[in-house]
Amino acid sequence: MSRRRPYRSYPNDRPRPVSAEGPTTSERTVVEEIAVSTDHWIGGERVASTERFEDVSPIDERAIADVARGGSAEVRAAVAAARDAFDGWRRTAPKERAEILHRIADGVESRVAELAAVETRDNGSLLRSHLRSVMPRVARNFRFFADRLLELEGSVDAAYEGNAEHVTWDPAGVTVVISPWNAPLMLATWRIAPALAAGNTVVQKPPEWAPLTASLLADVARSAGLPDGVFNVVQGLGEEAGAALTSDPGVARIAFTGSVDTGRLVARAAAEHLTPVSLELGGKSPFLIFADADPDAALAQAINQFDNAGQVCLAGTRLLIDERIWDDFIERFTEAAAEIRQGDPRKETTDLGPLITRAHLERVEGFVERAKADGARLVFGGGVAPELGGLYHRPTLFVDAPAGSEILTKEVFGPVLTAQPFADEDEAVALANATDFGLAATVYTSDLARAQRISERLVAGTVWVNCFFVRDLNAPFGGSKDSGVGREGGVWSFDFYADVKNTVVAPAQPTRDRPAEGEQEGRT
């Protein structure tokens, strides 16, 4: 697709509808010299829609694709295809399922450069990160759950009062995966891989702000030999395709990553049919730095919280700093932030790219302006980088924000951090837990006994001590409070995507000889 249209403002920044001739022709676009289908993937076929929406790159706010805009009809077709394919897939031996998932991983690894280029153009994240960590992690998602599947059999079998107990993870049915735009392929496959490994079929609804790599994944899965209908992709808007998927009675599981408000809508829709849900809903994570912490390591990791222009749910956006090192740390942090290189995310030298859309930029700018009005002091940043324009918001730090103010309690999802001093461990913990979120926390200290004490008191699904973003796929992952519902990773993923069954077998009884013909028991 060769046309490039400038960005125009629309209410709520919804993707703009684009007229189309009809649903019979497969549409493709070319992104960074890579052809990408912009249609749905349903039952092993490309399916178009009569309506389409415009996909705009945050790099330069130019349209890069007109994408099929699915609704209830496409959702019904995808769920039906997934249900039709379920019986065959659930009966596929675990070893064969694992082999197919490994072939999908092979396909991802062979196309890392293409996937990275398309996703960078689509969502504005750094190309170097996509090449070195994000896309390799996509492949690792499939490999890990393929291998973990084969370790399940007999792993928790037990005996009770002489009875043998055998635990199995039975396939549950159709899984809906609704994925976010900040790491679309990695975060989608973190759910898709275990669902497929468990023997479920999948319908994915990609993010409308970055939908393209989901289409490429469908190509990879088909080439790997995944049977038709086992994996389906319905493109579209959340309030249309997403709402139809979460309310469909044929769905057995729903995995959603996104905002708290949308998570509540998903949970309400799922409740109608008692459909189990796994919700990862973002955070407002604390980053605690004690006076005895390695100063250089703590500083470097604190600067890393600006990664992906702050569009990371796990980011430690609230710096809590021991008052004994407050002045020195703020000075060094300000100097280090001035060295961040902002610009085109396709360049190797870039550290910070753009925000995802014009509406999201305006949302972040709204947080900044309200923080100022609340009395918070701007140390640096604020607003769009004047030399870049567009969606390139500068790294920003606030101090002296009033307790309980919006900038300290609400998720900004942009390159905006706050810093607060603390006097002792009690105050540090109180500040850390002073939000409705509980996704993650980071603690820097050389005192491991202190680290243990603090970790036990923090309300968070994950606590990192003297490190950040260490993700063991075998460990439980999820949020507390408003940061989500449920845990995934390792066996916890199979516990969610499968119906866990315990079969209890009594010990065999001794066999008595049968009486001779004509004899009665107890008589001669």
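In this predicted model, N466 lies in the loop between strands β22 (462–465) and β23 (480–481). The backbone of N466 has a positive phi of about 55°, although the residue is not a glycine. N466 is partly exposed, with a relative accessible area of 34%.

L274 also deserves attention. Its place is in the loop between α8 and β14. Although L274 is not a glycine, its phi is positive, at about 55°. With a relative accessible area of 74%, L274 is exposed, because exposure is assigned over 50%.

P249 sits in the loop between α7 and β13. P249 is exposed, with a relative accessible area of 61%. The C-alpha atom of P249 is separated by 44 Å from that of A371, and the two residues are 122 residues apart along the chain.

T418 belongs to strand β19 (residues 416–422). T418 is buried, with a relative accessible area of 2%, because burial is assigned under 20%. Which residues is T418 in contact with, leaving aside its neighbours within four places in sequence? They are T317, R318, L319, L397, F398, I407 and L408.

The next topic is the packing of two helices. Two packed helices are described by the angle between their axes and the distance between the axes. Helix α2 (residues 94–110) and helix α4 pack at an angle of about 170°, and their axes are 8 Å apart. That angle makes α2 roughly antiparallel to α4, because angles over 145 degrees are counted in that way. On the side of α2, the contact is made by P94, K95, R97, A98, L101, H102, I104, A105, D106, V108 and E109. On the side of α4, the contributing residues are M135, V138, A139, F142, R143, A146, D147, L149 and L150. The residues of this contact divide into 13 nonpolar, 1 polar and 6 charged.

The pockets of the model come next, and the table sets out their values.

| Pocket | Volume | Lining residues | Nonpolar, polar and charged residues |
|---|---|---|---|
| Largest pocket | about 1500 Å³ | 47 residues | 21 nonpolar, 13 polar, 13 charged |
| Second largest pocket | about 940 Å³ | 44 residues | 19 nonpolar, 15 polar, 10 charged |

The largest pocket has a volume of about 1500 Å³. Among the residues that line the largest pocket, W181, F256, G258, S259 and T262 lie nearest its centre. The elements that give two or more residues to this lining are α7 (238–246), β13 (253–257), α8 (260–271) and α11 (358–374). Which element gives the most to the lining of the largest pocket? It is α8, with 7 residues.

The second largest pocket has a volume of about 940 Å³. Of the residues that line the second largest pocket, V134, D307, N308, V312 and F469 are the closest to its centre. Two or more residues of its lining come from each of α4 (127–150), α5 (184–197), β14 (277–280) and α9 (295–303). Helix α4 gives the most to this lining, with 7 residues. Helix α4 thus appears in two settings: it packs with α2, and it contributes to the lining of the second largest pocket.

Methods:
Residues are numbered from 1 along each chain as its sequence is written. This is a predicted model: local features need pLDDT of at least 70, side-chain atom pairs count only at pLDDT 80 or more; totals for chains, interfaces and linings use all residues. Side-chain values use heavy atoms; hydrogens and water are left out. On a 1 Å grid over the protein atoms alone, a cavity is a set of points where a 1.4 Å probe fits but cannot get out, and a pocket is an open set with protein on both sides within 12 Å along at least five of seven lines; lining residues have an atom within 4 Å of a point. Grid points are joined across faces, edges and corners, and a volume is the space filled by probe spheres set on the points. Helices (H or I, at least four residues) and strands (E, at least two) are DSSP runs, numbered from the N terminus. Ala, Val, Leu, Ile, Met, Phe, Trp, Tyr, Cys and Pro count as nonpolar, Asp, Glu, Lys and Arg as charged, and the others, Gly among them, as polar. Axes are lines fitted to C-alpha atoms, for helices over the stretch in contact, and angles run from 0 to 180 degrees between N-to-C directions. Angles under 35 degrees count as roughly parallel, over 145 as roughly antiparallel, 65 to 115 as roughly perpendicular and the rest as oblique. Contact means heavy atoms within 4.5 Å. Buried means under 20% relative accessible area, exposed over 50%, partly exposed in between (1.4 Å probe, protein chains only).
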